[in-house]
Amino acid sequence: MRAVLSRAPGPPSSLTLETLPDPTPGPGEVSVAVEAAALNFFDTLIIADRYQFKPERPFSPGAEMAGRVEALGEGVDAFAVGDRVVAYLGWGTCRERVVVKSDELVKIPDGMPSEIAAGLIVTYGTTLYALRDRGGLKRGETLAVLGASGGTGQAAVEIGKAMGAHVIACASSADKVAFARSLGADDGIDYGSLSLKEQLKEITGGAGVDVVYDPVGGALAEEALRALGWLGRFLVIGFASGEIPKIPLNLALLKSCDIRGVFWGAAIKRDPEGHRANVRQLLDWVSEGRLKPHVDTVFPLEETPAALDRLAARAVKGKLIIKP
Ligand SMILES: NC(=O)c1ccc[n+]([C@@H]2O[C@H](COP(=O)([O-])OP(=O)(O)OC[C@H]3O[C@@H](n4cnc5c(N)ncnc54)[C@H](OP(=O)(O)O)[C@@H]3O)[C@@H](O)[C@H]2O)c1
C-alpha cells in the first residue's frame, strides 16, 4: 500500500510517499481501506514535533478517516467486511490501509459520503464536548467563535446554532466572516480590521458575551476575555496563532467568569463510550441536515504536503480531505 510518511521532523515538504506492506489485523482489530482521511491544523505541528503528541517515526499524518472494513481480526463480531466506518486515530490515516481496534470504530449511516464523515470527528467532536460538556452553553445565550471559518470554528458556528445560541462569527477578513455567516451565524466581526472587544460589546448592548470559543489564542484571547459578560465562560480550544496568551487573572475576578480548558483528545480516552455516543450524535445530526460540514478541497494522497501547506497558510475554509 502507499503511505505518506514523516521520517524526520520538518515542514510538509519533508514528507515522503512510500510503498509499505499491507497491514494485517491482530486479535480485536479491523483492517480498513481508507476512503477519505481528513486533515486538521495540528497535523502541521505533529510532523514538526511541535505538538503534544510525538509519535514514533516513521508515521503518517492524518488523525481521522472514513473507510470500508476489509478484514477482521480474531474475536471481532461487531463489524462485517464491507461495513463503512469512521475512526479517530490521532495520526496515521494518510495511507491506503489502517489497522484499528474495533472499539474505536463507529458505523457510518447509509448514503453519507466518506469525505463528509471523515472530517467530522475531531472538529465537531471537540466542539460538542467544548460547548455542551465544558461550556454549558444554553439556548438563547450569546456565543463568540474566533477563527470561525477554520475547522473547529466552523463546527462551533454550526453546533452553537443547533444548540440554540446567538452565534457571533469572528474571523480575520471580510471574506472569512461572510463564509462563517453562510453557515448560519447571526452576526459577524472582521477582527482583521475592527476591534474584537469593542465589536463584541456593541453587538451585546454592552453586556458582553456568555461564551467565547477560542481556537486562535495570541492577542485575540485577552480581547475576547475582556468582552465576556458576568458569569461568562471562556473556552480554551487551541493556539493556531502560535502564541499562548498570558492572561491577567483580575479579568476573571472582575466578571466572576470561568476560563475553562478543553482537552478533547484526553477526554475521549477517559470516556470512550461517551466519545462513541458523541460521534453517533454528530453522524445523526448530519443525516438530519442539522450540520452541514463543508469540504474545502479534496486532494489525492501524493498531494498531502500541498494540502498541509494550505492549512499552515490560513487559506482554508472548512475541511481538507485526502483520498488515497
Ligand atoms: N482542545 C482540543 O481538544 C483541540 C481539538 C482540535 C483542535 N485543537 C486546536 O485548535 C486549533 C485550531 O484548529 P483548527 O482545526 O480550527 O485550525 P484551522 O482550520 O487551521 O483554523 C484555525 C484558525 O486560526 C486562525 N489563525 C490565526 N493565526 C493563524 C496562523 N498563524 N496560522 C493558522 N491559523 C491562524 C485562522 O483564522 P483567522 O485567519 O480568521 O484568524 C484559522 O482559520 C489548533 O491549535 C488545534 O491544535 C484543539
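Helices here are DSSP runs of H or I with at least four residues, strands are E runs of at least two, and both are numbered from the N terminus. This is a predicted model, where local features need pLDDT of at least 70 and side-chain atom pairs count only at pLDDT 80 or more, while totals for chains, interfaces and linings use all residues. Residue numbers start from 1 along each chain as its sequence is written.

**View 1. S256 sits in the loop between α8 and β13 (258–261).** Phi of S256 is near 45 degrees, which is a positive value in a residue other than glycine. Is S256 buried or exposed? It's exposed, since 10 other C-beta atoms lie within 10 Å of its own. For that label, C-beta atoms are placed from the backbone, and the number of others within 10 Å decides: 20 or more makes a residue buried, 12 or fewer makes it exposed, and anything in between is partly exposed.

**View 2. The whole protein chain has 11 helices and 15 strands.** Along its principal axes, the C-alpha trace spans about 60 × 40 × 35 Å. The radius of gyration is 20 Å, and that agrees with the value near 20 Å for a compact globule because the chain has 324 residues. (The radius is taken over C-alpha atoms, and the globule rule is 2.2 Å times the number of residues to the power 0.38.) Of those 324 residues, 49% count as buried. Take the contacts with a separation of 6 or more: 68% of them are between residues 24 or more positions apart. A contact means that two C-beta atoms, placed from the backbone, lie within 7 Å.

**View 3. The chain is divided into domain 1 (2–119 + 293–323) and domain 2 (122–265).** These bounds come from an automatic or database domain assignment. The C-alpha centres of domain 1 and domain 2 lie 29 Å apart. Where the two touch, domain 1 puts in 10 residues and domain 2 puts in 8. On the domain 1 side, there are 3 nonpolar, 4 polar and 3 charged residues. In this sorting, Ala, Val, Leu, Ile, Met, Phe, Trp, Tyr, Cys and Pro are nonpolar, Asp, Glu, Lys and Arg are charged, and the others, Gly among them, are polar.

**View 4. The ligand is surrounded by 30 residues.** To be near the ligand, a residue needs its C-beta atom, placed from the backbone, within 6 Å of it. Which residues are closest? They are F41, G147, G150, G151 and G238. Sorted by class, the shell has 14 nonpolar, 14 polar and 2 charged residues. Domain 1 and domain 2 each give the shell at least three residues. Look also for α3 (121–134), α4 (151–162) and α9 (264–270), each of which supplies at least two.

**View 5. Helix α7 (residues 219–226) has L220, A221, E223, A224 and L225 as its buried residues.** This buried set packs against β8 (142–145), α6 (196–203), β11 (209–214), β12 (228–236) and α8 (250–255). Zoom in on L225: it counts as buried because it has 22 C-beta neighbours inside 10 Å. Leaving out residues up to four places away in sequence, L225 touches V212, F234, I247 and L251. From L225 to F239 is 14 residues in sequence and 15 Å in space, C-alpha to C-alpha.

**View 6. Strands β11 and β12 run parallel, joined by 5 bridges.** Strands count as paired if DSSP finds at least two bridges between them. One of the partnerships to look for is V211 with R233 of β12. In β12, 7 of the 9 residues are buried, so the strand is largely enclosed by the rest of the structure. L231 is found in β12 too, but this residue counts as exposed, because it has 11 C-beta neighbours inside 10 Å. Phi of L231 is near 60 degrees, a positive value in a residue other than glycine.

**View 7. A cis peptide bond joins R57 and P58.** Its omega is about -5 degrees. You'll find P58 in the loop between α1 (42–46) and β4 (64–72).

**View 8. V316 is in the loop between α11 (304–312) and β15 (319–323).** V316 counts as partly exposed because it has 19 C-beta neighbours inside 10 Å. Setting aside its neighbours within four places in sequence, V316 is in contact with D296, R310 and L311. R7 is 309 residues from V316 along the chain, and their C-alpha atoms are separated by 26 Å.
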